[in-house]
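Colleague: Could you give me a close look at one sheet in this model, strand by strand? I would also like to hear how it ties in with what lies around it.

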Amino acid sequence: MKRYIIYALMVLILGGCRYSFDLNDSGLEPKICVMAVMAEGEETGIRVCKTVPVYEVGKADAEMAQPRFTLLCNGKEVEAGEAEACEDGYRINAEAFRSGDLIELHVEAEGLEAVAASTVIPGQFPPYSQEIYEDEEGNFCVRVTYEDDPETRDYYGAVVEYRTYMTSGELNPHIHTASPLSWNNEISIDPDAYAPAVIQVKEMDYDWMFIWKDEDGENSSYEMKIHYESYGNGGRKIQDTRIRLYRLSEEMYRRLYAQYDIESNPFAGIGMSSPSFTYNNIKGGVGWFCSYSAVTSEWMLKDKEEERL
């Protein structure tokens with residue numbers, strides 16, 4: 001079986017095609033770009049700017065003429081949604097939204113196509129239990145088991161944190177983000193190989209986040225194999241671990257998974273990848289308009305299970 005897979009890869013590599021194009025003839029027109037990641041219960045900041053073709057960067061006018069913004073929450077205009085000019089466009093500052101709120105944005109500007117986008121703020125992560133253990137190979141694992149609604153399609157994320165202290169008796173522990181033990185960026189012929197979708201999220205200080213949709217979990221359970229940083233000489237030691245648990249809007253999940261595709265494609269180094277991995281849910285424009293909610297678990301001592309319902 002492995003031999004046939006290698007043959008197939010060789011055929012694809014040797015028989016690959018190339019497509020040449022001229023950026024100046026690409027016909028890219030300026031568009032309105034929206035970038036927003038909204039967290040349930042936190043004040044909202046939405047960036048709006050104007051795109052220019054890559055061959056006109058530094059030459060084209062990137063300012064938006066007479067922009068008009070309308071931000072709606074459950075069909076009602078948000079009065080606090082005022083735009084402030086910033087270095088690369090405008091920033092719309094708004095109130096904190098709640099789970100279940102339908103947020104809609106409409107933007108117009110002279111000479112540009114009007115755009116619209118929407119997202120529903122997700123509810124909180126469902127009731128769950130958590131545990132930390134070592135698998136048969138001695139890897140540290142964190143598992144979350146939760147009550148998933150089988151009638152809905154849900155999207156989840158998790159960041160594993162651990163707390164360390166100094167053996168010399170330092171009073172203030174340090175909180176770190178655990179890195180994943182492995183990524184799905186290596187070719188494997190084992191369909192059951194451990195290959196999580198994990199990325200570094202810019203909006204969360206580039207913390208490592210595991211992402212999955214409900215059908216990816218096994219019996220509403222998700223396992224994360226993690227790596228603790230080694231400090232050497234017994235200076236710092238791992239004290240305990242917790243999980244930041246996220247419920248993602250579909251827009252947020254798809255945007256993060258597009259980023260995962262960019263970073264974890266095993267064929268990119270040999271040219272066997274799409275020229276562009278993108279996600280866009282801005283009608284008439286480009287960018288993303290998405291949301292999430294988050295809860296933080298209790299600290300877990302090694303080999304001890306905690307529950308939060």
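Modeller: Happy to! One term comes up throughout, so here it is at the start: two strands pair if DSSP finds at least two bridges between them. Please keep in mind that this is a predicted model.

The sheet I would pick is an open one made of four strands, in the order β4-β3-β7-β8, with antiparallel pairing. Its edges are β4 (76-77) and β8 (112-120), each of which pairs on one side only.

Let us begin at the β4 edge. Strand β3, covering residues 65-73, pairs with β4 in the antiparallel sense over two bridges. Two bridges is what the cut-off asks for, so β3 and β4 count as a pair. In one of these bridges, C73 has K76 of β4 as its partner; L72 is matched with E77 in β4. The two strands form a hairpin with two residues between them. In that turn, N74 has a positive phi of about 55 degrees.

On to the next neighbour in the order. β3 is joined to β7 (residues 102-110) by seven bridges, and these two strands also run antiparallel. Here A65 has E110 of β7 as its bridge partner.

As for the side chains, in a regular strand they alternate between the two faces of the sheet. So what does this sheet give to the interior? The largest nonpolar core has 24 residues, and I32, V34, I46, V48, L71, F97 and F289 are those with the most contacts inside it. β3, β7 and β8 are among the elements that give two or more residues to this core, together with β1 (32-39), β2 (44-50) and β6 (89-94). I46 is a good residue to click on: beyond its neighbours within four places in sequence, I46 is in contact with V34, M35, A36, L71, Y90, R91, I92, L105 and F289. Apart from this core lies another one, of 23 residues, including V144, Y146, A178 and L245.

Since you asked about the surroundings, here are a few places elsewhere in the chain. I132 lies in strand β9 (residues 128-134). Its relative accessibility is 6%, under the 20% limit, so I132 counts as buried. The C-alpha atoms of I132 and R242 are separated by 9.2 Å, although these residues are 110 apart along the chain.

E223, in strand β16 (residues 221-227), uses its side chain for a polar contact with the side chain of Y133 at 2.5 Å. A polar contact at 3.5 Å links the side chains of E223 and K225. Leaving aside neighbours within four places in sequence, E223 is in contact with Y133, C141, V142, R143 and Y194.

Finally, the turn residue N74, with its positive phi, has two counterparts to look at in a loop. D205 is found between β14 (198-201) and β15 (207-213), and Y206 has its place in the loop between β14 and β15 too. Phi of D205 is near 55 degrees, a positive value in a residue other than glycine. Y206, not a glycine either, has a positive phi of about 60 degrees. With a relative accessible area of 70%, D205 is exposed, whereas Y206 is partly exposed at 48%.

Notes. Residues are numbered from 1 along each chain as its sequence is written. This is a predicted model: local features need pLDDT of at least 70, side-chain atom pairs count only at pLDDT 80 or more; totals for chains, interfaces and linings use all residues. Side-chain values use heavy atoms; hydrogens and water are left out. A polar contact is a pair of N or O atoms within 3.5 Å; within protein, one must be able to donate a hydrogen and the other to accept it, and residues adjacent in sequence count only if both atoms are side-chain atoms. Contact means heavy atoms within 4.5 Å. Buried means under 20% relative accessible area, exposed over 50%, partly exposed in between (1.4 Å probe, protein chains only). A nonpolar core is a set of buried Ala, Val, Leu, Ile, Met, Phe, Trp, Tyr and Cys residues joined through side-chain atoms within 4.5 Å.
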